[in-house]
Structure formats: structure tokens, C-alpha cells
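User: I would like to learn how to read empty space and helix packing in a protein model. Can you take me through one example?

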Amino acid sequence: MSELHADSTKGLGEEGRTRIGLSKEALKQAYVDNLFFLQGCFPNMATVHDYYMAAAYTVRDRLLARWLKSAQTYREANARRVCYLSAEYLLGPHLEINLLNLGIDRSAREAGEELGLAFEEIREAEAEPGLGNGGLGRLAACYMDSLATLQVPAIGYGIRYEFGIFEQDIVDGWQMEKSDMWLHNGNPWEIARPTVRFSVGFGGCTESYHDEHGKVRMRWVPDLVVIGQAYDTPILGYGCANANLLRLWTSEAPRSFDFQSFNTGDYYGAVNAKVKAETISKVLYPNDDPAAGKELRLKQQYFFVSCSLQDMLQRHMEVSGDLHDFHERFVAQLNDTHPAIAIPELMRLLMDKHDMGWDEAWHITRNTFAYTNHTLLPEALETWSADLLNGLLPRHMEIILEINRRFLDEVRVRYLGDEERIARLSIVGEQGGRPVRMANLATVGSFAVNGVAAMHSELVKHTVLKDFHDLWPEKFHNVTNGVSPRRFIVVSNPHMAQLITEACGGTEWINDLECLRSLEPAADDAAFRARWREMKTAAKRDLTSCMQRRIGVALDPLTLFDVQAKRIHEYKRQHLNVLHIISLYLRLKQDPHQDMAPRSFIFGGKAAPGYSMAKLIIKLINSVAEVINNDPQVNGTLRVAFMPNFNVKNGQLLYPAADLSEQISLAGKEASGTGNMKFSMNGALTIGTLDGANVEIREEVGEENFFLFGMEAEQVAQLQAAGYDPTGYYNSNALLREVIDLIDSGLFSHGGHDLFRPLTSNLKYSDPFMVMADFQSYVDCQNDVERAYCDPASWDRMSILNVARMGKFSSDRSIRDYCRDIWKTDPLPVTLDD
């Protein structure tokens with residue numbers, strides 16, 4: 001059965017009740033039992049991994065009672081479900097967040113101490129599931145947390161990648177990628193569902209036939225069929241009994257071994273089907289530059305949405321027995337265009353498998369899906385060639401063409417003779433390869449479209465989806481992103497959480513972040529500011545210790561920690577940050593005795609394996625670090641460090657330690673950003689452009705508590721239209737020219753002049769993200785930062801006010817916005833039996 005059935009915990013015997021008890025004694029007994037019965041060892045022979053697994057199973061047992069009761073409650077109420085379709089989930093470590101959400105974090109630590117366990121060692125033993133590339137996947141994880149906390153019935157659907165995002169090593173300054181073997185030692189948080197399996201086809205052809213009523217119908221005859229099996233993870237809410245389902249799919253062959261091939265000596269053929277099937281969920285997002293990579297990525301996207309939709313339809317049929325009201329019981333949110341192939345897939349399932357006519361199937365489909373746009377970069381708007389789609393998913397290509405035909409007929413009536421508009425609105429482009437535009441498909445096939453920050457949503461309406469907004473303005477919404485305060489304050493920064501709780505008079509702020517406003521008066525309390533600085537310095541010491549241990553760079557926790565941690569990409573402009581660092585280095589070399597606030601510059605982030613310019617930026621950061629950190633004339637004032645393998649766990653160290661948060665993308669390029677929110681929530685001040693959610697953060701915290709620089713989006717557009725010439729900035733700005741020339745001189749490349757030439761030449765002659773144009777404004781603003789940091793009382797006050805005014809940026813608020821404006825869903829509280 002696809003739905004968990006639970007008669008409640010009343011049927012549990014005394015032993016079962018002890019197994020899910022929350023007292024310290026019950027936890028101790030359960031831990032010892034799990035170490036013995038599940039790990040098969042005594043304490044004196046157990047490894048740290050054994051200790052971790054026993055702890056995880058002890059916590060998971062307590063999740064299950066809430067999870068099963070939630071499934072029962074939702075089923076009995078036939079509740080409207082939110083189904084979040086996302087190709088990525090960056091969940092982070094499970095142990096601490098589940099202890100917090102169960103309300104047993106303190107008693108679990110005490111139980112561990114009494115058993116002689118080292119909690120920090122156990123925590124560090126947990127492998128992090130790297131099932132995402134960055135902000136998109138972490139947003140999905142925050143939203144799953146908030147959906148459960150707000151008691152909204154929900155299912156998250158995605159892929160159980162065997163290998164997640166690569167582990168990053170830095171070797172001689174270069175990024176090196178290693179396989180992320182997160183499943184190597186097992187995953188205690190998931191439950192395999194070997195009976196929840198769905199068939200998914202690829203390739204082949206379509207054919208028409210007459211059904212028993214003589215009606216002409218279509219069927220798809222694929223030439224490859226794989227099986228999707230479910231793995232379930234409970235996602236528990238904070239301060240409630242609701243636990244929602246995260247269901248991830250892994251691909252398998254219908255038969256894993258072909259004895260006939262084996263017996264005839266075809267040993268490769270005997271296992272070939274297994275290898276081909278398992279490749280689909282093998283690794284997160286292959287490098288899709290080669291044709292094979294593009295095909296695999298499309299296979300991944302279709303595989304998980306097909307499994308998910310079949311699961312949703314089966315759940316509905318079990319309860320209702322009729323699909324005509326499917327869209328009233330399920331709403332499916334498309335997290336970017338990666339799941340957009342779900343639109344023709346639901347049409348196929350309704351028409352070909354459930355015998356619906358086009359009109360009814362289209363009505364249900366259009367009222368099931370809502371689409372979140374996450375990018376303004378044209379190159380990031382996903383397209384697939386018609387040949388690839390037709391070869392891999394021929395039935396879906398037929399359906400897409402029919403959707404497009406009917407849609408364009410409507411458009412022609414609305415805009416008589418406007419062929420240019422019709423071409424822009426078309427799902428299928430007419431240029432080379434006839435690209436299928438997935439953003440257009442998602443917009444046509446959804447009842448709502450939203451951006452992820454106020455500025456981004458306006459730009460979506462006036463740039464990439466302007467024609468659609470002109471056609472359907474009522475479809476468009478804004479839901480500004482948010483992040484989970486449970487993960488990114490309470491778990492990441494427990495010392496600050498304790499200070500906040502004292503100042504606010506309780507823990508209500510944890511699930512009502514607007515309560516942080518109660519902190520504002522404390523900003524003017526000198527004693528509280530002193531405790532705040534002590535807390536921040538302690539977090540910086542923790543990070544300093546980690547960096548010394550991992551990369552051998554000694555940072556001074558009394559310096560300004562200037563942090564930029566995010567995916568490495570030219571539009572995020574890590575190279576602008578590096579140019580500023582080099583300018584400071586030049587100042588100190590020219591006058592070593594000048595009064596400059598000591599700084600530690602810390603970077604973190606991964607570059608896509610095939611993105612050579614981003615990898616060169618990482619090399620430049622590390623090369624600059626090597627020179628500065630080994631120059632005794634300046635290394636007492638400046639230090640530079642790159643934290644390898646930036647992920648959720650490492651972020652939980654970085655966010656609390658940062659004094660300054662670098663959010664310096666070119667205005668109009670970042671959709672929202674969530675790192676900006678995590679840093680601000682932890683007391684970092686922001687230096688940034690008016691881009692993405694920076695705009696709203698500045699509005700909330702106050703412009704006097706935000707370091708603003710750079711052009712606005714309108715100015716960027718005007719400069720581009722006028723013909724941007726970065727060479728002019730190089731020629732006219734002596735400091736900028738000196739910085740670029742110093743890179744070209746070979747100082748940071750052991751005398752070689754060519755290593756960084758692709759980067760400097762790109763800046764001088766192309767500069768697509770206008771680093772040169774914003775350089776001087778950035779340097780001037782950094783001078784303001786330096787002056788502000790030299791007044792500790794004022795800086796600490798600004799830091800406290802940043803935290804106090806971050807209530808808007810909780811993912812709880814985002815989910816409330818979705819529920820009210822898009823999903824039209826209500827909470828359904830779960831009540832546990834005594």
C-alpha cells in the first residue's frame with residue numbers, strides 16, 4: 001500500500017511504549033538496546049559510527065509514532081496535500097534537528113553524558129546527504145521543515161541519488177572533485193519501501209488503437225522500462241506532532257540479472273539492464289555539456305516526476321476511487337523547471353491510463369501545478385531539443401505539441417497578427433534544434449507562477465515572462481524565500497539562541513520569528529552588547545579552530561571576519577571580492593604602517609565541474625591567499641582562507657562566525673539568495689547590491705544597518721543598452737588597473753603570466769557581470785565597513801538589530817504565503833494518543 005496505515009500508538013505494548021518514550025531513562029535504555037540489537041556490538045567494542053547509528057535509530061523510533069499518526073490523520077481527513085516536486089534536497093545532518101523538533105535535545109545530551117558518550121564526536125560521524133547543488137536544494141529542505149512545523153499535510157518528492165554533489169578538495173589551489181559516498185555506511189533515517197514501485201518508460205514509439213467503445217486512443221510502447229522504488233524519510237515539525245513524508249526514488253531494472261544471456265556466455269548482457277537502469281539515479285545532475293549528459297539529466301527529471309505522479313494518483317484512487325477531483329486534493333509545486341515535464345506526464349497518465357478526454361485532463365492538470373521561477377539568467381532557463389525529447393519521450397512530445405497548438409490558437413485570437421509575440425510565447429522555438437522551452441511549458445500548464453523575491457518577481461513579469469504576464473497577470477505572485485530558524489539559528493548557533501531566548505522572555509521566537517523584534521531594546525544595553533560580542537567571538541574561535549585543523553591557516557578571531565560562501569559563479573562575483581583584497585594588499589605594501597582594521601577573508605563554495613572560469617576563480621582565491629598569508633609584512637593585518645567542501649554542516653560553522661556577509665552579485669541577476677538571510681540571522685552585517693532579497697533585507701533591517709554599493713538593475717540595463725566597455729574602466733581607474741596588472745604580473749602564479757590571463761582578459765574586454773563598473777563603488781563601501789567596525793559598540797548594535805529585524809525571512813512566513821495565496825491549504829494538526 002502506498003499510504004502508511006496506523007491505528008495509533010494505543011496498540012503498542014509496554015515494551016513498545018518504552019521504545020518511543022522521551023524520558024532520559026527511556027532514551028538511555030533504547031540507545032543501549034539499539035547498539036546491541038541493531039549494530040550488534042557492546043559499548044567496549046563499538047566504533048564512533050556504531051554510536052552514531054544507535055543514536056540515530058533511537059531518535060528515529062520516536063519520529064515514527066508521529067509520522068504514522070500524521071499519515072493516519074491526513075488519510076482520514078482526505079486532506080488537501082501539497083506535493084513539492086524538487087530535483088534537489090540539501091537536507092543537512094538529521095540528528096540535531098530531529099532532537100530539537102522532538103524536544104529532547106537537552107535530555108538526549110544528558111543521557112549520552114551518563115552513558116559516557118562524546119556527543120560532539122557522534123554528531124560529526126553523520127554523513128551529510130548532498131542531494132543538491134546549492135540554494136535550490138536547501139530551500140526545498142527549509143520548506144519541508146516549515147510545512148511540518150505549520151502542520152500542513154505535504155509530501156516532498158525527489159531523487160535518491162546514490163552519489164550526491166561531489167566532495168571538494170583543494171589541491172595546489174585547484175578544486176578537485178571526489179565522489180560523495182553518503183550512503184556508504186548506510187542511512188538510518190530512511191525506510192526502504194520495496195513494495196512501492198512504479199514502472200517508468202523511455203524511448204520507443206507511440207501507436208493509435210481503438211478501445212472497446214471504438215474510440216481512437218494513443219499508447220506509448222517504450223523500448224526501455226525501469227522501476228522506481230521509494231525510500232521514505234520522516235520530516236518532523238517543531239513544537240507539534242506533525243511529521244510529513246519525504247519520498248525519494250531510486251531506479252532499478254525490472255530484472256537485475258538475465259540468466260539466459262549469462263548461460264549463452266554474454267556476461268556483460270546479463271547485467272547490462274541493471275547498469276542502464278541504475279545509472280538514472282546514480283549521481284546528482286551530470287555535467288550536461290555532452291549529449292549523453294543532457295539525455296541523462298532529462299531521464300532523471302522524467303523518472304522522478306513519473307514515479308511521483310503515479311504515487312499521487314494511486315493515493316487519490318485509494319481514498320476517492322475517482323480522479324475527477326484530483327486537483328482539489330493535491331497541489332503540486334514545481335521547484336524551478338526541472339520537474340516541468342510533469343505537466344505532459346500527468347496529461348499522459350490521465351488520458352492514456354485513465355481514459356480521460358483532453359479537455360478534462362487539461363482542466364485537472366492546469367489546476368494541479370504551480371511553478372516557481374528561480375532565475376533571470378536566459379542561459380539558465382531550461383530547454384530541450386525537440387529531437388532529444390522526441391527520441392526519449394515520444395508521447396510527451398506529442399502532448400507538448402498539442403498543448404502548444406491549442407495555446408497558440410488562443411494567443412492568435414487575443415493578439416491578431418502579432419507573429420513576434422506568438423513566437424515568443426510558443427513552447428517550441430523555431431531556431432536551431434527547435435528547443436522546447438520548459439519555462440514556457442511550466443507557465444502554460446500551471447495555475448500560478450511565482451518569483452522568489454519582490455524585485456525578482458517584478459523582473460520576471462517585465463523580462464523573461466513578460467508576454468505571459470501580459471496575457472495572464474492574475475497568475476503571477478511573489479513569495480520571498482525564507483530559511484528555517486530551527487536549522488540556522490537554534491542548531492547552528494546555540495549560544496546566540498540562548499541569548500535571544502533570555503532577551504525575548506521565552507522560546508516563542510523559534511516558530512514565530514517576528515518575536516525577534518523584542519530584541520531591539522537590548523541593542524542599546526551595553527551589558528547585552530558585551531555578551532553579544534563574547535558570543536560572536538566564541539563562534540569565530542570555533543571556526544578558527546576548524547580552519548587551522550583542516551587547511552592549516554591560522555585566523556585571528558579578533559579580526560573582522562569577512563565571509564563569502566556560496567556557489568562559485570561569475571554572476572555572484574567572487575572575483576570582485578578578490579580584486580578588493582588585492583587592493584588592500586597593495587595599500588599595505590605601499591605603507592605597511594597605515595592604520596587598517598585587521599581582516600580575515602573567508603571563502604567557501606563549489607564550482608560546477610565543467611565550469612572552467614569558476615574553477616579559475618577558486619584558483620585565484622587560493623593563490624592570493626598563499627601570497628598574503630606568507631607575507632610577514634601584511635599577514636598580521638590581512639589573512640585569506642578558502643573553506644573546502646562548503647555544505648550545510650560547514651555552513652553551520654560559517655554563519656555564526658561572520659561579521660560581514662558578502663552579497664555582491666550584479667543587480668538584476670540573483671533571484672533571491674538565501675545565504676544573505678542565514679548570515680543576517682546570525683548577526684552578520686551585509687555588504688551588497690540592490691539584488692534579489694537584499695532589497696527586502698535592507699528595507700527590514702534599515703538602510704543604516706546595511707552597506708550598499710553598486711548600480712541598480714535599471715542602471716545595469718541602461719549601461720548594457722548603451723554598449724558597456726569595461727576597458728574604459730580599466731584605463732580610467734588607476735587602482736583597478738594596478739590590481740589587474742598585479743595579477744597579470746605573475747605575483748600570484750609563481751611568475752607565470754598566462755595562468756590568470758583568461759580571467760583578467762575576460763574582465764577587461766567582456767566583463768558580462770560588470771565587475772569593472774562596480775569596482776570603485778565596492779572599494780568605497782568597504783572603506784565605510786572598515787570605519788564602522790572600528791566602533792565596536794555601534795557595530796554590535798547594528799548586528800543585534802539585523803537579527804531582531806529578520807522575522808520576515810523565516811521559511812515559515814514563506815510557506816504561509818504559499819498556503820494563503822497559491823495552494824489554498826489549511827493546517828491539519830496531529831494529536832498523539834497519550
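User: How many nonpolar, polar and charged residues does the lining of the largest cavity have, by class?

Analyst: First, a caution: this is a predicted model. As for the general idea, a probe the size of a water molecule, rolled over the atoms, shows where empty space is left. In this case the lining of the largest cavity has twelve nonpolar, two polar and two charged residues. The volume of the largest cavity is about 220 Å³.

User: Which residues lie nearest the centre of the largest cavity, and which element gives the most to its lining?

Analyst: Of the 16 lining residues, Tyr 31, Ala 55, Ala 108, Gly 112 and Leu 117 lie nearest the centre. H5 gives the most to the lining, with five residues. At least two residues each are supplied by helix H2 (24-37), helix H3 (48-77), H4, H5 and H6.

User: How many cavities of 30 Å³ or more does a search of the whole structure find?

Analyst: The search finds six cavities of that volume or more. The second largest cavity holds about 170 Å³ of space. It is lined by 14 residues, and the closest to its centre are Leu 91, Ile 97, Asp 145, Ile 235 and Arg 487. H4, helix H7 (135-149) and strand E8 (224-236) are the elements that give two or more residues to this lining. By class, the lining of the second largest cavity has seven nonpolar, four polar and three charged residues.

User: Now for a pocket. How much space lies in the second largest pocket, and which residues lie nearest its centre?

Analyst: A cavity is closed to the probe, whereas a pocket is an open set of points. The second largest pocket contains about 1300 Å³ of space. Its lining consists of 36 residues, and those nearest the centre are Glu 96, Arg 109, Arg 123, Val 491 and Pro 494. Divided by class, the lining of the second largest pocket has 15 nonpolar, nine polar and twelve charged residues.

User: Which element supplies the largest share of the lining of the second largest pocket?

Analyst: H22 supplies the largest share, six residues. Among the other elements that each supply at least two residues are helix H4 (95-102), helix H5 (105-114), helix H6 (119-124), helix H20 (485-491), H21 and helix H25 (648-657).

User: Let us turn to helix packing. At what angle do the axes of H21 and H22 cross, and what is the hand of the crossing?

Analyst: The angle is read between N-to-C directions. The axes of helix H21 (residues 494-504) and helix H22 (residues 526-551) cross at roughly 160 degrees and come within 9 Å. H21 and H22 are therefore roughly antiparallel to each other. The crossing of H21 past H22 is left-handed. On the H21 side the contact has His 495, Met 496, Leu 499, Glu 502 and Ala 503, which meet Phe 528, Arg 531, Trp 532 and Met 535 in H22. The residues of this contact divide into six nonpolar, one polar and two charged.

User: At what angle do H2 and H3 pack?

Analyst: H2 and H3 pack at about 125 degrees, with their axes 8 Å apart. H2 and H3 are therefore oblique to each other. H2 passes H3 in a right-handed crossing. The residues of H2 that meet H3 include Ala 26, Leu 27, Ala 30 and Tyr 31, and their partners in H3 include Asp 50, Tyr 51, Ala 54 and Ala 55. By class, the contact of H2 with H3 has nine nonpolar, two polar and three charged residues.

User: Why are H24 and H31 called roughly perpendicular to each other?

Analyst: Angles of 65 to 115 degrees count as roughly perpendicular. Helix H24 (residues 612-629) and helix H31 (residues 757-765) pack at an angle of about 110 degrees, with their axes 9 Å apart, and are therefore roughly perpendicular to each other. Met 613, Leu 616, Ile 617 and Leu 620 of H24 make the contact with Pro 758, Leu 759 and Asn 762 of H31. This contact has six nonpolar residues, one polar and no charged.

Conventions:
Residues numbered from 1 in each chain as written. Predicted model: local features only at pLDDT ≥ 70, side-chain atom pairs only at ≥ 80, totals over all residues. Heavy atoms only, no water. Axes fitted to C-alpha atoms, helices over the stretch in contact; angles between N-to-C directions. Helix = DSSP H or I, 4+ residues; strand = E, 2+ residues; numbered from the N terminus. Parallel < 35°, antiparallel > 145°, perpendicular 65-115°, else oblique. Left-handed = near helix turned anticlockwise from the far one by under 90°. Contact = heavy atoms within 4.5 Å. Nonpolar A, V, L, I, M, F, W, Y, C, P; charged D, E, K, R; others polar. 1 Å grid on protein atoms, 1.4 Å probe; cavity = no way out; pocket = protein on both sides within 12 Å on 5 of 7 lines; lining within 4 Å. Points joined across faces, edges and corners; volume = space filled by probe spheres on them.
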